[in-house]
Each structure stands twice: as C-alpha cells, then as structure tokens.
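Reader: I've got a model open and I'd like to learn how to read it. Can you walk me through a few features?

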Amino acid sequence: MLTYEIIITDCNKCAGRQRQGRRQNEKERTMKMEKLGRNDHCWCGSGKKYKQCHEAFDEKIHHFELEGHMVPTHEMIKNPQQIAGIRESGRINTLVLDYVAEHIREGMTTAEIDRLVDTKTRELGGIPAPLGYEGFPKSVCTSINNQVCHGIPSETDVLKDGDIINVDVSTIYNGYYGDSSRMFCIGNVKEENLRLVRVAKECMEKGIEQVKPWRFLGDMADAVNRHAKENGYSVVIDIGGHGVGLEFHEDPFVSYVAPAGTEMLMVPGMIFTIEPMINMGTADIYVDDSNGWTIYTEDGKPSAQWETMVLVTEDGCEILAH
Ligand code: MF3
Ligand code: CO
C-alpha cells in the first residue's frame, strides 16, 4: 500500500515539501547574495546593473526575511519575457477548458474527455502536461464526486445524471506551463452538491482577492479556509497548489489552510495556482493504491475544486488561466 509518508516525500503538491522548500530557499538566497555585486548585471536578465534594477527590491524582500518570514527565491520570480510565455500557455489552457465546457455531457466517458483535451491542446499548438508526468497515463485529470483530484480518465467511467466532475487541464506551450481546472455539473445535480460546487468556486475567488504584493500566501489561504468553514465544509490539508510556469510544479507549496500572516511573502512576478479542494465532510483523504494517483475523500462524501493560475503584479494580481 502507498503510505502517507511516500506521498509527502515524493510530490511537490503535498504538504511535506514545504519544509524542504524553506531550507532550500535559505541556501539559495545566501549563495546569490554573495555572488552579485552592485555593478553586476541584474539576476533578472534585464541587462541592467543590479543597483539600477532589483537591488532595492531584494532589500525589501530581505527585510521580511529578517522578520522571520518565508520569502521567495529569485527562481520563483519571473521576468517579463517568461511572464509573456506563461500568459500564452495559460490562454491556451483556458481555451481547452472552454472547449471541454462546450462538449461535456451525460453519457460521455472520462476517456472521451481525455481525447477532447488531448486533441484540442495539440490543435492549439500545445502539449498536454499530465501525459507521462511522473508516469501519469492520460492527458487530463478527471475527478468525479468523492474523488478529490488526480482521477485517471477511463473508458469505463461514464458521466451520469447528478455527477459533479472536476476537469483539470495543464498545458505546455513553447516550453511554458499553464494549469487550471473547473467543475462541471452533469444533468440534475442535487441541491447540496450544487452548493458545494458554488462555494468551492467562491473559496477560490476569495483567495484571489487576497493576492497582492508584500502580503502573505497565508492571507490567501485564510480567506479560502474561512469561507469553506463558514459554509460547513473542510479544506484538504495534505495537497495544495504550487508555483508554475517554467515547470509544471514549482515551489512554493501553496496551502489553503494556513493562518493569515504566515507562509511565503508574495512579490511581483510570482506565479502560482489557487486550487483549494473543498470537502463536504472531513478533510481526510486517501490515495487509490491500485493506480497510485486518484485521491478520494476518506468519508466518501463529495469534494469540489476550481483552479486558477495567478501572477502577482505591482498592485494585485492577474489571472493567467481559469
Ligand atoms: N493539474 C494538477 C495540478 O493542479 C496536476 C496533476 S499531476 C498529473 O497540479 F500528473 F496528474 F497530471
Ligand atoms: Co495545479
């Protein structure tokens, strides 16, 4: 059986990675600070001198670090050229989900959704990022009802009246990554499940509202968690979001249960996902040990998830995929 230990050490979407991230972060920062002189070219690739480019920015970040906050490494801060590439990838990702929204219907298998996503992504010039990622066998994740995430499309899973399903699309376009997901309600969904889907979307939106530079990822998480709790739901703790753009899953790990004022400082140029998994019952989950991927709610109750990809800007955030 796949144990919890294995999940948290192997996956950079899982809570256990957070601590490694911080240690790595400290090491990298110290190295970078020692190497770069004020007249050297800035680390961002602008070609400008460091003192005329990101020096003041780095000092501001360092000030937060001295106060004990977790802060981003330079690798987590994208330059304008990278942002433009990631924005394009996010745009393709959104178009693929729009296409799914037009075609998804009762009676369709999740394997058909997989073919829709694969075909549309390639038609738009992209590559489906999930295919072959850490051995994932399909081009999209499809998670129905009590499946929390990472469901594997199958010829035998047929969408039936009343199902709620998350379709999680990820794209590689010109080497840049896009990632977002939506819920779809099939036929006549019962009121309590419709409410879960609606509140899960609101949780994501409350999180987005808190994405501002020089605030903390925990501010975003707290907004998500509070809205879920106020509605009687729980937020999955063990799986979170992630930095994204140059790779599929980058640091930081993004929690949706952390208190305000904690977790990593958000600075302009960071790109990460907001993708809380909202459970109707308890937050406990388990992995299907027959495939090593699909996550289920422990209590068998439904779960809903919406995912967006955001860029921290000078005055708030920009949604790069939805
Ligand atoms: N798209 C998922 C996410 O939001 C990642 C799934 S990994 C995969 O991060 F291999 F299953 F695709
Ligand atoms: Co994601």
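**Reading the model, piece by piece**

Author: Let's start at the ligand: the shell around ligand 1 splits into 4 nonpolar, 3 polar and 6 charged residues. Keep in mind that this is a predicted model.

Reader: How many residues surround ligand 1, and which are the closest?

Author: There are 13 around ligand 1, and the closest are Pro 130, Tyr 133, Phe 136, Asp 168 and Ser 170.

Reader: How far should I trust the chain, going by mean pLDDT?

Author: The mean pLDDT of the protein chain is 93, with 90% of its residues at 70 or more. Over residues 1–10, though, pLDDT is below 50, and that stretch has 11 contacts in the model beyond near neighbours in sequence. Residues 18–24 also stay under 50, with 5 contacts beyond four places in sequence.

Reader: Now helices. What span should helix 3 have?

Author: The general idea first: an α-helix has 3.6 residues a turn, so residues three or four places apart point the same way. As for length, helix 3 has 12 residues (55–66), so at 1.5 Å a residue it should span 16 Å, and its end C-alpha atoms are indeed 16 Å apart. After helix 3 comes Gly 68, with a positive phi near 95°.

Reader: And Arg 226: where is it placed?

Author: Arg 226 sits in helix 7, which covers residues 217–230. Its C-alpha atom is 16 Å from that of Phe 216, 10 residues away along the chain.

Reader: Why is Arg 226 classed as partly exposed?

Author: Because 14 other C-beta atoms lie within 10 Å, and partly exposed falls between 12 or fewer for exposed and 20 or more for buried.

Key. Residues numbered from 1 in each chain as written. Chains lettered and ligands numbered in written order. Predicted model: local features only at pLDDT ≥ 70, side-chain atom pairs only at ≥ 80, totals over all residues. Near = placed C-beta within 6 Å. Nonpolar A, V, L, I, M, F, W, Y, C, P; charged D, E, K, R; others polar. Helix = DSSP H or I, 4+ residues; strand = E, 2+ residues; numbered from the N terminus. Expected span 1.5 Å × (residues − 1). pLDDT = per-residue confidence, 0-100. Contact = placed C-beta atoms within 7 Å.
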